[in-house]
Amino acid sequence: MGSRRLTPQGEERKADLLRQAAELFAQRGYAGTRVSDIVKAAGVAKGLFYWYFENKDALFRELVEDTGRRLRDAQAVAVEGVTDPLERVYLGTLASVHFVAEHQRLYAFMQVESAQNEVLVKALRKTSEQYVASVATLLREGQHAGVVRDDDPAEALALGVLGTVSYFTYVQRVARLSTESLAATAGRYVLHAIAASDAAIAAVEARERLDATSAKAG
């Protein structure tokens, strides 16, 4: 079913089912949301739901995967045109915090449900592994270039980046702190934790100040 080719209208209907499901899951929890609730919110017949998804579990797995894809898309936009691996990790951290904060209700639901929902646990584990793998690739590039410290494996440092984003966004949800300032703090935390030297940190910070100045001037 996942390989079925869809028209643009079909893609939009499927995306709307995912959006409506995300809202309902956040409001009622996974067990408290029925397929009939999702199709009612989307304004479609139940048969259409089963055209796109085998069951509610399949929809949920796809929702988690879709959220992960959109997070990676946001990171890609943030680092577009940037070649320094250290700076790419820094900017990716900022983008991650902003994305999770923007979708905080969905992430809060995932955190609560993960304690009791094996479907969710497996889906989240997969997206976390993808996140760590992509960050580790950048970190290895940075280690090779001499801008990321190499006294720890890239995979271990990548887990630290994931942990930082996860914890800082959790704090944002429970303390309702400014997303902008929290993202900046998380970015600096990661930058100082993984950089090979003060010079590498200073180079990233200098470029970011220059970009901010250019953006204001523009």
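I began with the rule for ring pairs: rings of Phe, Tyr and Trp (its six-membered ring) pair if their centres lie within 6.5 Å, and planes under 30 degrees apart count as stacked, over 60 as edge-to-face and the rest as tilted. I noted that this is a predicted model, in which local features need pLDDT of at least 70 and side-chain atom pairs count only at pLDDT 80 or more, while totals for chains, interfaces and linings use all residues. I also noted that residues are numbered from 1 along each chain as its sequence is written, and that side-chain values use heavy atoms, with hydrogens and water left out.

**Entry: aromatic rings**

I counted 10 aromatic pairs by this rule. The rings of F25 and F109 have centres 5.6 Å apart and planes at 15°, so I entered the pair as stacked. This pair links distant parts of the chain, since F25 is in helix α1 (residues 8-28) and F109 in helix α6 (residues 104-113), 84 residues apart; helices here are DSSP runs (H or I, at least four residues), numbered from the N terminus. I then looked up Y30 and F60, whose ring centres are 5.1 Å apart with planes at 75°, so that pair is edge-to-face. Ring pairs link F25, Y30, F60 and F109 into a cluster.

**Entry: burial and a lysine**

Are the rings of this cluster buried or exposed? I took buried as under 20% relative accessible area, exposed as over 50% and partly exposed as in between (1.4 Å probe, protein chains only). F25 is buried at 0%, F109 is buried at 5%, Y30 is buried at 8%, and F60 is buried at 0%. I also found K56 over the face of Y30, at 4.2 Å from the ring centre; for a charge to sit over a ring, NZ of Lys or CZ of Arg must be within 6 Å of the ring centre and within 35 degrees of the ring normal.

**Entry: contacts and core**

Which residues does F60 touch, not counting residues up to four places away in sequence? I listed F25, Y30, F109, V119 and L120, with contact meaning heavy atoms within 4.5 Å. I next looked up the largest nonpolar core, a core being a set of buried Ala, Val, Leu, Ile, Met, Phe, Trp, Tyr and Cys residues joined through side-chain atoms within 4.5 Å. Of its 61 residues, F25, F49, F60, L86, L139 and I194 touch the most other members. Helix α7 (residues 118-145) gives the most to this core, with 9 residues.

Conventions:
Helix = DSSP H or I, 4+ residues; strand = E, 2+ residues; numbered from the N terminus.
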